[in-house]
Amino acid sequence: MKLANRVKTLTPSATLAITAKAKELKQQGHDVIGLGAGEPDFNTPEFILEAAEKAMRSGMTKYTPSGGILELKSAIADKFKQDNGLDYTNSQIIVTTGAKHALYTLFQVLLNDGDEVIVPSPYWVSYPEQIKLAGGEPVFVKSLEKNEFKITPDELAAAINSKTKAVIINSPSNPTGMMYTKDELEKLGEVCLKHNILIVSDEIYEKLIYTNDEHVSIASLSKELEAQTVVINGVSKSHSMTGWRIGYAAGPERIIKAMTNLASHSTSNPTSIAQYAALAAYEGDENTVNRMKREFSERLDKFYGLINDIPGITCIKPKGAFYLFPNVAKAAEMGGFSSVDEWVTALLEEEKVALVPGSGFGAEKNVRLSYAISIDLLEEAAKRIKRFVLNHQ
Ligand code: PLP
């Protein structure tokens, strides 16, 4: 049986692939350290588990409205008001099966064949695939390391043409951990308004920031920008709830309505129990979120120092998320490897350290290292990477 054309170029997620490979080696008895994880290593907070259990036991196990239960939409609206200064009504919010499916559904309702979406690179691996699945064309705008991996308004403007429908802004960013300032967002926003393109603002790492930099939602900068932005967020990273699959989108009612119609024919609704768990997450205090953040911050300081100290490796210090994105091109070249991909494979084989090659994120010279594992393991990983680099000089 021939498969549909649309899946011909579909590649499996690079991040999930490396995690699977590391797991396989572990099962074979190897002492593998996996730095591929895209999820916090903490348990979902206890009060959230209790709320889910209560929901399950009190019969909240049926279909819900496609766009999510009203209580959760209201809690999300409150969150937007409190954290981002944004005023959304419930009809401007859709709860989805993870932020990933919010993005998927958005591109499905937005794009016609040949429509272009600007994707600043390095980018999160699923953006280009989701755009292509909706018939669109990802147009990559390469950000420079010297600009902290952020695109400039001129670079954005240069990529816009009559087919451009949207641009993705992901701040803090996966994989780089970099953040746009308010001023930078204002200038990018001006370009988007001038050319009438939609902004897809992926703010999933909003709660994981380790500097004094303030997270700013581009939608909050003016009424015009709010009307031209869809904000994507969720509880996966903020509340260590990746497996529950609850995310959401907020934006113009017309877009959210179309997304909700599509959801009604695809997922029906996000899992009922998980929605009540997410409701508890937003109704509870942020003590556990802050505890997790402190731990990540300590790990970042430690791991960043160790990695940046390795000859041939340079790294900009990330401000948020839980990844380092060092440039290892020199280390690979010194070791005689023809590409960073090859260097990554050899590292896994020789030292049993699994990390994700930057090629999956559109950055061939870099690698992504997640620090969502214990500090002891991070120290051991850094030791092994250093040994590997020194052995290949
Ligand atoms: N956006 C970015 C930038 C991410 O890194 C991820 C998860 O890795 C997502 C969206 C999807 O998150 P969720 O687990 O809510 O689907």
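This tour moves through a predicted model, from its domains to its sheets, its ligand shell and several individual residues.

**The two domains**

Begin by colouring residues 5-43 and 287-386 as domain 1, and residues 62-283 as domain 2. Their centres, taken over C-alpha atoms, are separated by 25 Å. Next, display the contact between them: 33 residues of domain 1 meet 31 residues of domain 2. On the domain 1 side, helix H1 (14-27) and helix H11 (287-308) are the elements that give two or more residues. H11 gives the most to this side, with six residues. Coloured by class, the domain 1 side shows 16 nonpolar, twelve polar and five charged residues.

**The seven-stranded sheet**

Now select the strands in the order E2-E8-E7-E6-E5-E3-E4; they form an open sheet with mixed pairing. E2 and strand E4 (137-142) stand at the edges with a single partner strand each, so one side of each has no neighbour in the sheet. On average, and with direction ignored, neighbouring strands of this sheet are turned by 20° against each other.

Start at one edge, with strand E2 (residues 93-96). The side chains of Ile93 and Val95 point one way, those of Ile94 and Thr96 the other, and all four residues are buried. E2 runs antiparallel to strand E8 (residues 247-250), to which four bridges join it. To find one of these pairs, select Thr96 together with Gly247, its bridge partner in E8.

Cross to the other edge and select strand E3 (residues 116-121) with E4. These two run parallel and are joined by six bridges. Pro120 is a useful marker here, standing opposite Val141 in E4. Then add helix H5 (residues 126-133), which packs on the sheet and touches E3, E4 and strand E5 (164-170). The direction of H5 makes about 150° with that of E4.

Stay with E5 and select Ile168, which is in this strand. Ile168 is buried, with 22 other C-beta atoms within 10 Å. Beyond its neighbours within four places in sequence, Ile168 is in contact with Val117, Val119, Pro120, Tyr127, Val200 and Asp202. Add Ser201 as well: Ile168 and Ser201 are 33 residues apart in sequence, yet their C-alpha atoms are 6.0 Å apart in space.

**Unusual backbone geometry**

Most residues other than glycine have a negative phi, and most peptide bonds are trans. The next selections depart from that pattern.

Move to the loop between E5 and helix H7 (182-195), where Pro172 lies. The bond joining Ser171 and Pro172 is a cis peptide, with omega about -10°. Pro175 is in the loop between E5 and H7 as well. The peptide bond from Asn174 to Pro175 is also cis, with omega near 20°.

Next, go to the loop between E4 and helix H6 (153-159) and select Glu148. Its phi is positive, near 55°. Glu148 is partly exposed, with 18 other C-beta atoms within 10 Å. Then select Phe149, found in the loop between E4 and H6. Phe149 has a positive phi of about 60°. Phe149 is buried, with 22 other C-beta atoms within 10 Å.

**The ligand shell**

Display the ligand and its surroundings. The shell holds 13 residues, and the closest are Gly98, Ala99, Lys100, Asn174 and Ser236. Asn174 has already appeared on this tour, at the cis bond to Pro175. Helix H4 (residues 98-110) gives the most to the shell, with three residues. By class, three residues of the shell are nonpolar, eight polar and two charged.

**The three-stranded sheet**

Finally, select the open sheet with the order E9-E12-E11, whose pairing is antiparallel. Strand E9 (323-324) and strand E11 (356-357) are the edge strands, each pairing on one side only. E11 pairs with strand E12 (residues 367-370) over two bridges. Show Val356 and Arg368 to see one position where E11 and E12 face each other: Val356 stands opposite Arg368 in E12.

The last stop is Ala354, in strand E10 (residues 353-354). Ala354 is buried, with 25 other C-beta atoms within 10 Å. Apart from neighbours within four places in sequence, its contacts are Ile18, Lys21, Ala22, Val32, Gly34, Leu35, Gly36 and Leu348. For Ala354 and Gly34, the separation is 320 residues in sequence and 4.8 Å in space, C-alpha to C-alpha.

Methods
Residues are numbered from 1 along each chain as its sequence is written. This is a predicted model: local features need pLDDT of at least 70, side-chain atom pairs count only at pLDDT 80 or more; totals for chains, interfaces and linings use all residues. A residue is buried if 20 or more other C-beta atoms lie within 10 Å of its own, exposed if 12 or fewer, and partly exposed in between; C-beta atoms are placed from the backbone. Two strands pair if DSSP finds at least two bridges between them. Axes are lines fitted to C-alpha atoms, for helices over the stretch in contact, and angles run from 0 to 180 degrees between N-to-C directions. Two residues are in contact if their C-beta atoms, placed from the backbone, lie within 7 Å. Domain bounds come from an automatic or database domain assignment. Ala, Val, Leu, Ile, Met, Phe, Trp, Tyr, Cys and Pro count as nonpolar, Asp, Glu, Lys and Arg as charged, and the others, Gly among them, as polar. A residue is near a molecule or strand if its C-beta atom, placed from the backbone, lies within 6 Å of it.
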